[in-house]
Structure formats: C-alpha cells, structure tokens
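Hi,

Here is the structure I said I would pass on. Have a look at it first, and my notes follow below.

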Amino acid sequence: MAVGIFDAHCDVLSKLWERPELDFYQGHEELQAGFPDLQKGNVDIQVLACYVPQHVPFGRRFQAVLEMLDLFHERVASEQFRPILSNADLEECVLKGTKGAILFVEGAHALEESLVQLRTWHRLGLRGMTLTWNHGNAVASGCQEPNPGGLTMFGRKVIAEMNRLGMVIDLSHVAEPGFWDTLELSKDPVIASHSNTRSICDHPRNLTDEQIKALIANKGVMGLTFVDFFVTSEKRTVWIDDLLRHLDHVCALGGVDHVAFGSDFDGITTTFGDLARAGDYHNLVNALQKRYKEAEVQKFMRENWLRVFRNVLQ
C-alpha cells in the first residue's frame with residue numbers, strides 16, 4: 001500500500017502517563033503503539049487519547065489531562081511525530097507523508113463540568129473528545145448504565161461548543177439516548193472512533209444497525225476496533241477474518257465511505273492472533289487487498305477519516 005494509515009484511537013499516551021519508565025521511541029514489548037511499531041505498521045496519523053482512569057477523583061482529572069499534554073510535548077512530539085492542530089497541519093502531513101498525532105480526551109468526566117476547561121484543552125492542542133467512557137458523567141450516560149439517559153443540559157452546551165471550536169465529537173462508549181441526541185444537535189459530522197457492529201457481536205459497546213445507518217446519514221465514520229470481545233463473544237483467539245465480518249456488514253449497510261479503523265492499542269489486552277500491535281497493520285492491509293478493491297482499501301485505511309477530520313478541524 002503506497003500511503004500511510006490513519007488510526008483513530010489508541011491509549012499509548014495514557015499508558016506512558018501511568019508508566020513513566022516507558023519510552024515512546026523505544027521498542028518496549030509493553031507498548032502496542034510505540035513509535036517503532038507505528039513505523040513498522042506504516043501508521044502516519046494516530047489519534048492519541050488522554051484517558052483519565054475512573055479512580056482519579058473529581059478535582060484532579062483536569063490536571064491529569066494537563067500532565068498527559070505536557071508528556072506529549074516533552075517526550076512524544078518531535079520532528080518525526082508532529083502534533084496536528086489544524087486543517088493546514090493535516091494537509092501538510094498528508095502531502096509530505098510525515099507522521100502526525102491528533103490529541104483527544106476519552107471521556108468528558110475529565111472535563112469536570114467546565115466549558116472553560118474544554119476551551120483550555122483546545123488552546124493546548126486537543127482536537128476531539130469522546131463524550132463518555134462506560135459510565136455516566138455530567139454530559140451523558142455511558143453504555144454500561146442500567147437506565148441511561150441522553151445528553152444533559154450541560155452536555156448540549158458541550159456539543160455546541162465543540163462545534164464552534166472545531167473539535168471532533170466521538171460517540172464510542174456513549175449510551176444510545178445520548179448517541180441520538182448528539183446526531184440531532186451536532187452541526188458537524190461525528191465519529192465512533194472504536195466500536196464494532198452489534199449484529200455480529202452483541203455487546204453494548206458496539207453499534208446497532210440503526211445507529212450505523214444514522215452515522216452514515218450524518219456523513220460520519222465508525223472505526224472498527226481490535227478489542228477481542230467486541231469482535232466476537234466466543235472465548236478464543238481472534239483473527240483478522242473475524243474483524244472483517246464487521247467490515248463486510250457495515251459495507252452491506254451502505255457504509256463503504258463511512259467505516260475505518262480505531263485500534264484502541266494500549267487500552268486493551270487482546271487475544272488477537274495476527275493484529276496484536278500497530279506493527280501488525282500490514283497483515284490487515286494484505287487481508288483487505290484480497291477481498292476489496294484498492295480504492296476501497298484506501299478509504300478504510302485513511303480516506304474516510306481524512307474526510308471527516310478535514311470537515312471538522314479549522
């Protein structure tokens with residue numbers, strides 16, 4: 001494949017924050033998406049999620065994200081791996097074939113109910129946010145809530161402010177009522193950066209056919225993820241062929257232009273046999289090229305994400 005890959009979700013930055021002895025530029029076995037693996041896998045654009053663990057108390061979460069941002073600028077950002085802050089940065093990365101990082105927050109629990117903090121994150125380089133993790137917060141209910149609600153009043157303000165700032169809204173982990181509220185309110189296309197299809201694997205983190213069709217109508221994109229128990233409910237080693245059942249299903253729903261990949265590397269302990277780290281991406285590309293046209297492979301690996309990010313980033 002001639003061009004590099006765009007992966008819309010990994011947690012390597014959070015892992016580096018929790019384990020400061022690890023070095024992004026060294027080939028640590030513990031890092032699934034360290035720089036050597038990104039090079040080996042031909043990943044040119046990587047979304048780095050700042051995930052604050054649930055045990056971090058209110059009043060400390062915003063600071064934790066600041067520490068991850070500082071870590072990125074001090075230990076990760078370089079001439080080899082530059083921050084992408086704007087459409088111009090994105091186009092330069094694409095034109096030159098260089099590697100770049102787009103910074104997200106995973107879960108608005110870290111926002112601590114403050115639009116000031118959202119704007120501060122944006123000024124410091126964050127360009128997207130997953131509205132929830134699995135549990136509810138001041139914005140919306142997470143997908144594991146027993147009686148989920150939709151967006152709160154504060155959540156509606158967050159959607160409007162993210163649209164105004166040019167931040168990508170990510171609906172992975174969000175409970176269904178919040179999913180539908182966001183699609184109704186957002187002026188920009190939205191994404192589900194790391195979610196699979198519920199028809200193939202019945203898990204609350206995966207999207208129903210109705211949600212997938214709505215995301216297509218929204219001109220958004222869903223990123224198929226490599227979390228083994230979102231790929232199959234069977235307790236066994238998972239293979240690329242299992243993941244491609246999800247891709248085939250999305251395409252059958254009319255989603256060829258609206259599906260890509262968001263690995264969730266370094267946020268998972270996976271039993272994926274042939275796609276266990278970013279350096280294995282070539283296995284996925286090879287499998288895709290055997291069953292899809294080259295133009296479609298380019299869409300899945302890169303072009304679909306580029307369309308949405310070009311649309312939203314300012």
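Which residues in helix 6 meet which residues in helix 7? Arg156, Ile159 and Asn163 do so from helix 6, and their partners in helix 7 are Asp181, Thr182 and Leu185. Contact here means heavy atoms within 4.5 Å, and by class this one has 2 nonpolar, 2 polar and 2 charged residues. For the classes, Ala, Val, Leu, Ile, Met, Phe, Trp, Tyr, Cys and Pro count as nonpolar, Asp, Glu, Lys and Arg as charged, and the others, Gly among them, as polar.

Some housekeeping before the rest. This is a predicted model, where local features need pLDDT of at least 70 and side-chain atom pairs count only at pLDDT 80 or more, while totals for chains, interfaces and linings use all residues. Residues are numbered from 1 along each chain as its sequence is written, and side-chain values use heavy atoms, with hydrogens and water left out. Helices (H or I, at least four residues) and strands (E, at least two) are DSSP runs, numbered from the N terminus.

**Helices 6 and 7**

Helix 6 covers residues 153–165 and helix 7 covers residues 176–185; they pack at an angle of about 45°, with axes 10 Å apart. That makes helix 6 oblique to helix 7. (Angles under 35 degrees count as roughly parallel, over 145 as roughly antiparallel, 65 to 115 as roughly perpendicular and the rest as oblique. The axes are lines fitted to C-alpha atoms, for helices over the stretch in contact, and angles run from 0 to 180 degrees between N-to-C directions.) The crossing of this pair is right-handed, the term for a near helix turned clockwise from the far one by less than a right angle, with anticlockwise giving left-handed.

The length of helix 6 agrees with expectation: its 13 residues should span 18 Å at 1.5 Å a residue, and the end C-alpha atoms are 19 Å apart. The expected span is 1.5 Å times one less than the number of residues. Its buried residues are Phe154, Gly155, Val158, Ile159, Glu161, Met162, Asn163 and Leu165, where buried means under 20% relative accessible area, exposed over 50% and partly exposed in between (1.4 Å probe, protein chains only). They pack against helix 5 (115–123), strand 5 (126–130), strand 6 (168–170) and helix 7.

Over in helix 7 you will find Leu183, which counts as buried at 17% relative accessibility. Leaving out residues up to four places away in sequence, Leu183 touches Leu171, Val190, Ala214, Leu215 and Asn218.

**Two other helix pairs**

Helix 10 (residues 240–252) and helix 11 (residues 281–291) have axes that come within 11 Å and cross at roughly 55°. That makes helix 10 oblique to helix 11, and the crossing is right-handed. On the helix 10 side the contact uses Ile240, Asp241, Leu243, Leu244, Leu247 and Asp248, and on the helix 11 side Asn283, Leu284, Ala287, Leu288 and Arg291. Those residues divide into 7 nonpolar, 1 polar and 3 charged.

Helix 4 (residues 87–96) packs with helix 12 (residues 294–312) at about 155°, their axes 10 Å apart. That makes helix 4 roughly antiparallel to helix 12, and this crossing is left-handed. Asn87, Leu90, Glu91 and Val94 of helix 4 meet Arg302, Leu306, Phe309 and Arg310 of helix 12; the split is 4 nonpolar, 1 polar and 3 charged.

**Around His9 and strand 9**

His9 sits in strand 1 (residues 5–10) and is buried, with a relative accessible area of 0%. Its contacts, again not counting residues up to four places away in sequence, are Gln46, Val47, Ala49, Glu106, Ser193, His194, Gly262, Ser263, Asp264 and Phe265. His9 and Leu224 are 215 residues apart in sequence, and 10.0 Å apart C-alpha to C-alpha.

Asp264, one of those contacts, is in the loop between strand 9 (259–261) and helix 11, as is Asp266. Most residues other than glycine have a negative phi. Phi of Asp264, though, is near 70°, and Asp266 has a positive phi of about 70°. Asp264 is buried with a relative accessible area of 7%, and Asp266 counts as buried at 7% relative accessibility. In strand 9 itself lies Phe261, buried at 1%.

Cheers
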